[in-house]
Amino acid sequence: MLLTDLVEQYCLERAASANYRSSLLRTVRRAQHGGIRTTCQLSVENVCRFLVSVDVGQTTKSNYRRELATLWRYAFSLGLATDGWDRLPRIPPQFAPPEAWSMEAMQKLLNAAELDKTPISTRCELRRCDVIPVWARLGYESGLRFSDIHQLTQRNFRDGCVIRYAAKTSKLCVRELTLETQQSVARLFALSPDGTLFRWFLPRRRAFLLWRKFLDQHALGGSSKWLRRTAATFIEIDKPGMASRWLDHSSERLARTHYIDPTKVVSGIKPPLLPR
């Protein structure tokens, strides 16, 4: 069986999310370029050769290994491959320390967004100042990921809260919003012809490019992912140990590895000053 067909069957049986399916397909397509096209070609030698040859970072390579092992195990359960995935050498991922915006940077971002009159597109009359402040406040206060924010509809808002099952984890997220954010969301919904908050005028890729161009033009650095990181970082500063709970992570290590900026959350423990 072709690995692409295996992915489709696996995702159908597991009711996998669209994002996970896309990730598996990306891995499989890279493996195909490395000579692994079918389930019968899954072997320790072939997979290791592919992982050594592929020119990507350590973390991406670790993800390739993990996803190929998942598919290999599934193929074995169907009688389409022999075993051996457990003999693949471990590839520890290498994560860069997470970065987040300071409160001063967040204020600069909001000020720049509120004054930016650049049109969003020729298809509508909305400008950046109509959209980015809403997204920024919503992203910071809710901690929702990019794709979840992009998919929001009127059904996701009630009683002063945003409520949504996260696409990545299927966990329920309920976040109380400030009155200012509620009002800005309501103003954008008043223009929506179909009950979506952003999708009616902003396809996913265009939303990504909107943020990239805005941040680059205002020399702000980072990405829209930093909204979630910044919120988690300042929750950790205010209430140590609570960021992981707010992010709804199963392990505190996840928050510290991927979200909490270590330069902003310091223990205050320092060695004595050196003698002069």
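**Figure 1. Helix α5 and its buried face.** A residue is called buried when its relative accessible area is under 20%, and exposed when that value is over 50%. In this predicted model, the residues of α5 that meet the first criterion are M106, L109, L110, A112 and A113. Viewed along the helix axis, these buried residues lie within an arc of 165 degrees, so they line one face of α5. The face turned away from that buried side carries E104 and L115, both exposed. Helix α5 comprises 13 residues, and the distance from its first C-alpha to its last is 19 Å, close to the 18 Å expected at 1.5 Å a residue. The packing partners of its buried residues are α6, α9 and α10.

**Figure 2. Helix α9 and the elements that cover it.** Helix α9 spans residues 204-217. Its 14 residues reach 20 Å from the first C-alpha to the last, close to the 20 Å expected at 1.5 Å a residue. The buried set of α9 consists of A207, L210, W211, F214 and L215. These residues occupy an arc of only 115 degrees around the axis, which places them on the same side of α9. Exposed residues R205 and Q217 are carried by the face of α9 turned away from the buried side. The cover over the buried residues of α9 includes α5 (103-115) and α6 (128-142), together with α7 (146-150) and α10 (226-238). Just after α9, residue A219 adopts a positive phi of about 50 degrees.

**Figure 3. Helix α8 and its packing against α6 and β1.** The buried residues of α8 are T181, S184, V185, L188 and F189. Their directions, seen down the axis of α8, fall within an arc of 140 degrees, so one face of the helix is lined by them. On the other side of α8, the exposed residues are L179 and R187. The buried residues of α8 pack against α6 and against strand β1 (157-158).

**Figure 4. S192 in the loop between α8 and α9.** The loop that joins α8 (179-189) to α9 contains S192. Is this loop residue S192 buried or exposed? Its relative accessible area is 15%, and S192 is therefore buried, since the criterion for that class is a value under 20%. Residue I260 lies 68 residues from S192 along the chain, and the C-alpha atoms of the two are separated by 35 Å.

**Figure 5. The whole chain as context for the close-up views.** The secondary structure of the chain amounts to 12 helices and 3 strands. Taken along the principal axes, the C-alpha atoms fill a box of roughly 70 × 60 × 35 Å. Of the 276 residues in the chain, 45% are buried. Among contacts with a separation of 6 or more, 61% are between residues 24 or more positions apart. The accessible surface of the chain is about 15900 Å², and 52% of this area belongs to carbon and sulfur atoms. The chain bears 43 positive and 26 negative side chains, with the centres of the two sets 3 Å apart.

Key. Residues are numbered from 1 along each chain as its sequence is written. This is a predicted model: local features need pLDDT of at least 70, side-chain atom pairs count only at pLDDT 80 or more; totals for chains, interfaces and linings use all residues. Side-chain values use heavy atoms; hydrogens and water are left out. Helices (H or I, at least four residues) and strands (E, at least two) are DSSP runs, numbered from the N terminus. The expected span of a helix is 1.5 Å times one less than its number of residues. Buried means under 20% relative accessible area, exposed over 50%, partly exposed in between (1.4 Å probe, protein chains only). The arc is that of the directions from the helix axis to the C-beta atoms. Contact means heavy atoms within 4.5 Å. Accessible areas come from the Shrake-Rupley method with a 1.4 Å probe; for residues, only the protein chains shown count as cover. Lys and Arg count as positive and Asp and Glu as negative; His and the chain ends are not counted. The place of a charge is taken as NZ of Lys, CZ of Arg, CG of Asp or CD of Glu.
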